[in-house]
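Here are some short exercises on the spaces in a protein and on what lines them. Open the model, try each task by yourself, and then compare your steps with the worked solution.

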Amino acid sequence: MTQIAFIGLGHMGLPMARNLLKAGYPLKVFDLVRSAVDTLAGEGAVAAESAAEASDQAQVVISMLPASRHVEGLYLGEDGLLARLPADTLVIECSTIAPESARKVHAAARERGVALLDAPVSGGTAGAAAGTLTFMVGGEAQALEKARPILATMGRNIFHAGPDGAGQVAKVCNNQVLAVQMIATAEAMAMGVANGLEPAVLAEIMRQSSGGNWTLEKYNPWPGVMENVPASKGYSGGFMAELMAKDLGLAQETASHSGNSTPMGALALQLYRLLLKQGKGKQDFSVVQQLFVQ
Ligand code: NAD
């Protein structure tokens with residue numbers, strides 16, 4: 001069976017790698033945080049001391065890192081993985097990064113004859129654990145066909161968004177919508193509660209009405225309205241506010257590149273920057289609720 005290297009075992013990478021293990025793929029894993037590596041080693045993966053060691057003998061390399069600079073640092077340059085991977089390796093890069101950065105890594109891979117896909121995901125940590133992520137893939141269709149069975153063990157919907165970097169463009173569009181919905185839900189929840197409504201009652205009315213959206217369905221930001229969401233666990237786990245701020249920044253860069261006007265995205269970015277200033281960057285992005293509570 002295909003030997004896979006998995007690099008980056010954070011909130012998303014760890015459960016994604018676990019699903020590959022469950023599907024029977026031989027897996028070598030690496031993260032800068034040793035405890036994450038040890039957790040998966042305890043479940044059957046081979047622990048590596050470096051990304052290079054993890055990808056030794058691998059036919060497929062998957063990475064799930066925070067941002068562009070981590071991805072460029074991993075793959076590019078003399079010490080980067082692309083300088084050492086054999087030409088027939090397939091790289092599936094799942095982090096959310098700048099489309100420009102993804103294109104840079106694509107170009108370097110093509111020069112080396114390595115097939116690479118930018119394959120950011122949506123679905124959150126719950127989707128990663130359940131193996132129901134959505135993959136938005138940029139790159140060549142042939143490489144995607146090779147990757148499909150592997151992606152299918154971690155996700156339910158696999159879209160070919162277009163050429164190099166297209167997966168990242170789709171992802172920043174999606175996350176801009178998500179942030180705007182989260183903020184809109186949070187401010188409405190605060191307004192309703194301040195005017196005497198029970199949070200759970202208001203949440204259910206809006207969920208079933210024309211204000212219904214993903215955050216009301218799956219990720220209500222008001223503590224205690226839903227079980228097992230970050231808001232009900234002190235805003236821990238999930239998707240860090242600092243990563244949402246990063247994605248909104250990427251959306252603004254993407255809009256500037258094409259000259260698009262994105263006022264809602266711009267405002268969302270400003271609100272997330274405020275949260276970061278308040279020291280809430282490591283908490284789940286639904287912590288934006290706290291900006292509106294009176
Ligand atoms: P995270 O910070 O929890 O995990 C990133 C992991 O990468 C960390 O464990 C870190 O130690 C590791 N890392 C960083 N540099 C490394 C290197 N050079 N070598 C090895 N490991 C390295 O972040 P996350 O929430 O898992 O998100 C990962 C990516 O997925 C981000 O780009 C994020 O925007 C995106 N994303 C996250 C979610 C979510 O709900 N958390 C959803 C969709 C997409």
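**Exercise 1.** In this predicted model, find how the residues lining the second largest pocket divide into nonpolar, polar and charged.

*Solution.*
- Start with the space itself: the second largest pocket has a volume of about 160 Å³.
- Next, list the lining, which runs through His 106, Ala 109, Arg 110, Val 114, Ala 115, Leu 116, Gly 139, Glu 140, Gln 142, Ala 143, Lys 146 and Asp 164.
- Sort these residues by class, and you get 5 nonpolar, 3 polar and 4 charged.
- Finally, place them on secondary structure: helix 5, strand 6 and helix 7 (141–152) each contribute at least two residues to this lining.

**Exercise 2.** Work out which element gives the most residues to the lining of the largest cavity.

*Solution.*
- Begin with the count: there is 1 cavity of 30 Å³ or more.
- The largest cavity holds about 40 Å³ of space.
- Now collect its lining: Val 71, Glu 93, Ile 97, Ala 102, Val 105, Leu 116, Leu 117 and Asp 118.
- Map these onto the elements, and helix 5 (99–112) and strand 6 (115–118) turn out to supply at least two residues each.
- Strand 6 comes out on top, giving 3 residues.
- As a last step, look at the classes: the lining of this cavity has 6 nonpolar residues, 2 charged ones and no polar ones.
- Did you spot a residue from the previous exercise? Leu 116 lines the largest cavity, and Leu 116 also lines the second largest pocket.

**Exercise 3.** Describe the surroundings of the ligand, and explain why it lies between domain 1 and domain 2.

*Solution.*
- First take the shell: of the 25 residues around the ligand, His 11, Met 12, Asp 31, Pro 66 and Lys 246 come nearest.
- Then check the polar contacts. The side chain of Asp 31 has an N or O atom 2.6 Å from an oxygen atom of the ligand.
- For His 11, a side-chain N or O atom is 2.9 Å from a ligand oxygen.
- Met 12 uses its backbone instead, with an N or O atom 2.9 Å from an oxygen atom of the ligand.
- Turn to the area: the ligand taken alone exposes 830 Å², and the protein buries 88% of that.
- By class, the shell is made up of 13 nonpolar, 9 polar and 3 charged residues.
- Among the elements, helix 6 (124–130) and helix 11 (241–258) each provide at least two shell residues.
- Now you can answer: the ligand lies between the domains because both domain 1 (4–164) and domain 2 (169–291) give residues to its shell.

Terms used: Residues are numbered from 1 along each chain as its sequence is written. This is a predicted model: local features need pLDDT of at least 70, side-chain atom pairs count only at pLDDT 80 or more; totals for chains, interfaces and linings use all residues. Side-chain values use heavy atoms; hydrogens and water are left out. On a 1 Å grid over the protein atoms alone, a cavity is a set of points where a 1.4 Å probe fits but cannot get out, and a pocket is an open set with protein on both sides within 12 Å along at least five of seven lines; lining residues have an atom within 4 Å of a point. Grid points are joined across faces, edges and corners, and a volume is the space filled by probe spheres set on the points. Helices (H or I, at least four residues) and strands (E, at least two) are DSSP runs, numbered from the N terminus. Ala, Val, Leu, Ile, Met, Phe, Trp, Tyr, Cys and Pro count as nonpolar, Asp, Glu, Lys and Arg as charged, and the others, Gly among them, as polar. A residue is near a molecule or strand if one of its heavy atoms lies within 4 Å of it. A polar contact is a pair of N or O atoms within 3.5 Å; within protein, one must be able to donate a hydrogen and the other to accept it, and residues adjacent in sequence count only if both atoms are side-chain atoms. Accessible areas come from the Shrake-Rupley method with a 1.4 Å probe; for residues, only the protein chains shown count as cover. Domain bounds come from an automatic or database domain assignment.
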